[in-house]
Amino acid sequence: MRRQRKADTRRYARFHVMEYALIHKADHFDAVRSVVVDVGLGGIQVLSRQQLKVGEVCTVTIGRSDGTRISVPGEVRFSHPSPGAGGLYASGMRFKPETHEQKSEVVDYVHGVFQRQADQLAG
């Protein structure tokens, strides 16, 4: 039986990336290692070996390509096996910045991703 795709209702454009991230869950000492596969102003999608709990708020720390990192709270919106990804789970997280600084970091990060992709297309 073929699964119907749900219409994309995101408010913000998404950009494909491949950057490492750690998902810090409130009730766990060890972080979940993951790879960010797309990002937008509203949130990210990651691939990891561990399924995340929908509704859980975690701290996401993303290693940026320039060597810096961004840490911001995020709420897990979905988490399911990723077809063809060899046992990995695809999880979507909505950014939930708590401070003006965190909001600015998210905007700067997403803008940087957009700018890198625009530069690659132009060059």
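Is Arg-94 buried, exposed or partly exposed? Partly exposed, with a relative accessible area of 35%. Keep that residue in mind. We'll come back to its partners.

A word on the source. This is a predicted model.

Today's topic is charge pairing. Side chains of opposite charge can pair when their charged atoms come close. How many salt bridges turn up in a search of the whole structure? Four. I'll walk through three pairs, then one residue that has no salt bridge.

First pair on my list: Glu-19 and Arg-116. Their side chains form a salt bridge, N to O at 3.2 Å. Look at where the two ends sit. Glu-19 is in strand E1, residues 15-25, and Arg-116 is in helix H1, residues 100-122. That is 97 residues apart, so the salt bridge links distant parts of the chain. The acid, Glu-19, is buried, at 6% relative accessibility. The base, Arg-116, is partly exposed, at 33%.

Now back to Arg-94. Its salt-bridge partner here is Glu-75, and the closest N and O atoms are 2.7 Å apart. Again, distant parts of the chain are linked. Glu-75 belongs to strand E5, residues 69-81. Arg-94 belongs to strand E6, residues 89-95. The separation is 19 residues. Glu-75 counts as buried, because its relative accessible area of 13% falls under the 20% cut-off.

Glu-75 has another partner. Which one? Lys-96, in a salt bridge at 4.0 Å, N to O. Lys-96 lies in the loop between E6 and H1, while Glu-75 is in strand E5. So this pair ties together parts that are 21 residues apart in sequence. Lys-96 is partly exposed, with a relative accessible area of 33%.

Put these together. Glu-75, Arg-77, Arg-94 and Lys-96 form one network, joined by salt bridges that share partners.

Last stop: Glu-56. Find it in the loop between strand E3, 43-48, and strand E4, 57-63. Glu-56 is buried, yet it has no salt bridge. Which side chain of opposite charge is nearest to Glu-56? Lys-25, at 4.4 Å. Why doesn't that pair count as a salt bridge? Because the definition asks for nitrogen and oxygen within 4 Å, and Lys-25 is 4.4 Å away.

What does Glu-56 touch, leaving out residues up to four places away in sequence? Lys-25, Ala-26 and Asp-27, then Gly-74, Glu-75 and Val-76. Note Glu-75 in that list. Glu-75 is also a member of the network.

That's the tour. Questions, please.

Notes
Residues numbered from 1 in each chain as written. Predicted model: local features only at pLDDT ≥ 70, side-chain atom pairs only at ≥ 80, totals over all residues. Heavy atoms only, no water. Helix = DSSP H or I, 4+ residues; strand = E, 2+ residues; numbered from the N terminus. Buried < 20%, exposed > 50% of the residue type's maximum accessible area, 1.4 Å probe, protein only. Lys, Arg positive; Asp, Glu negative; His and termini not counted. Contact = heavy atoms within 4.5 Å.
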